Amino acid sequence: MQEKTTSAIESRQTGNKVVVGGIAAIVVILATAAILLFVNLPDANAFNARVEQLFVENASLTGQAEIKLLEILAQSGTAFSATLDSYRFVIFVLLVFATALLIASVMFLVMLIAMNRRMGKIERKGIEVNSLLISRDQNMVYLNDFEFKLTDAAIETLSVLAEARMDDEVLSGAEIEGVISGRPSSDCEEAAGATRIKRLRDTLGNQMISELLVRNIARRGYMLAIDKDVIRMV
């Protein structure tokens, strides 16, 4: 038991390291892409510098039209600089959003994998029941923290399955019908017991609980997939 617990803890720690490593890799990749993108963007003041160079190199342009043209070019450079700054901000926001979205996707993926593993474990081992109390007088069943009000027929079927589980027996549909009806199982039909099992599951309501609690073993019959030591009947 201790070895299994240690193995489970180590497996969980390994999974956590993988998740952290995956998130770190995403952040590093996006950060690298952002740096390369911002480095390769043109300088916002490049246009203004070129216009200034034109002013210096063409000092002889003193005509009214030439000066007006240079002023227009200078204003265009200022507008280009402001536009490029806004582009930088938009790119930064998009990169932050992409990072958050990818991290959330990784987290959801890990949660789905963990849930699938948990469901697979439950399907392999059956539902984990710490206590099963069957009250025939009140037609009540207390399963862990769940409380079920059953019909008379359903409580009889569950009681028969509980008694069989305490004796480590697997009952066929005909045997279940025989025990409840008081007739020899050879005189009962398999379908009658199967119908009782179906009605019990329908009465329990929760599909996962009912399917995993009452296990159908191929070519053998039905049994409660729980530890017999947790069963009590009053």
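Where does N139 lie? N139 sits in the loop between strand 1 and strand 2. The views below are taken from a predicted model, in which local features need pLDDT of at least 70, side-chain atom pairs count only at pLDDT 80 or more, and totals for chains, interfaces and linings use all residues. Residues are numbered from 1 along each chain as its sequence is written, and side-chain values use heavy atoms, with hydrogens and water left out.

**View 1. The protein chain as a whole has 7 helices and 6 strands.** Helices (H or I, at least four residues) and strands (E, at least two) are DSSP runs, numbered from the N terminus. The order of elements from the N terminus is α-α-α-β-β-β-α-α-α-α-β-β-β. Of the 234 residues, 29% count as buried. Buried here means under 20% relative accessible area, exposed means over 50%, and partly exposed lies in between (1.4 Å probe, protein chains only). The accessible surface comes to about 15,600 Å², and 59% of that surface belongs to carbon and sulfur atoms. Accessible areas come from the Shrake-Rupley method with a 1.4 Å probe; for residues, only the protein chains shown count as cover. Contact means heavy atoms within 4.5 Å. Among contacts between residues at least 6 apart in sequence, 58% join residues at least 24 apart.

**View 2. An open sheet of 4 strands runs in the order 3-2-1-6.** Its pairing is mixed. Two strands pair if DSSP finds at least two bridges between them. Strand 3 (146–149) and strand 6 (231–233) are the edge strands, each pairing on one side only. From one strand to the next, the twist averages 15°. Strand 2 (residues 140–143) and strand 3 pair in the antiparallel sense over 4 bridges. Within that pair, Y142 is opposite E147 of strand 3. Strand 1 and strand 2 are also antiparallel, over 4 bridges, with L133 opposite Y142 in strand 2. Strand 1 and strand 6 pair in the parallel sense over 3 bridges. There, R232 of strand 6 is the bridge partner of L133.

**View 3. Strand 1 is covered on both faces, and a hairpin joins strand 1 to strand 2.** L132 and I134 are buried on one side of strand 1, L133 and S135 on the other. The hairpin has 4 residues between its strands. In its turn, N139 has a positive phi of about 55°. Is N139 buried or exposed? N139 is buried, with a relative accessible area of 12%. Leaving aside residues up to four places away in sequence, N139 touches F148, K149, L150, T151, D152 and I155.

**View 4. Helix 4 (residues 152–166) lies across strand 1 (132–135), strand 2 and strand 6.** Helix 4 runs at about 130° to strand 6. Axes are lines fitted to C-alpha atoms, for helices over the stretch in contact, and angles run from 0 to 180 degrees between N-to-C directions.

**View 5. Helix 4 and helix 6 cross at roughly 110°.** Their axes come within 9 Å. That crossing makes the two helices roughly perpendicular. Angles of 65 to 115 degrees count as roughly perpendicular, under 35 as roughly parallel, over 145 as roughly antiparallel and the rest as oblique. Helix 4 brings A153, A154, T157, L158 and L161 to the contact; helix 6 brings R196, I197, L200 and T203. By class, the contact has 6 nonpolar, 2 polar and 1 charged residues. Ala, Val, Leu, Ile, Met, Phe, Trp, Tyr, Cys and Pro count as nonpolar, Asp, Glu, Lys and Arg as charged, and the others, Gly among them, as polar.

**View 6. Helix 5 (residues 173–181) buries G173, A174, I176, E177 and G178.** These buried residues pack against helix 4, helix 6 (190–204) and strand 5 (221–224). The axes of helix 5 and helix 6 come within 6 Å and cross at roughly 80°. The pair is therefore roughly perpendicular. G173, A174, I176, E177 and I180 of helix 5 meet E190, A192, G193, A194, R196 and I197 of helix 6. This contact of helix 5 with helix 6 has 6 nonpolar, 2 polar and 3 charged residues. Just after helix 5, G182 takes a positive phi of about 80°.

**View 7. Strand 4 (residues 214–217) and strand 5 form an antiparallel pair over 4 bridges.** V214 is opposite L224 in strand 5. Their hairpin has 3 residues between the strands, and R219 takes a positive phi near 60° there.
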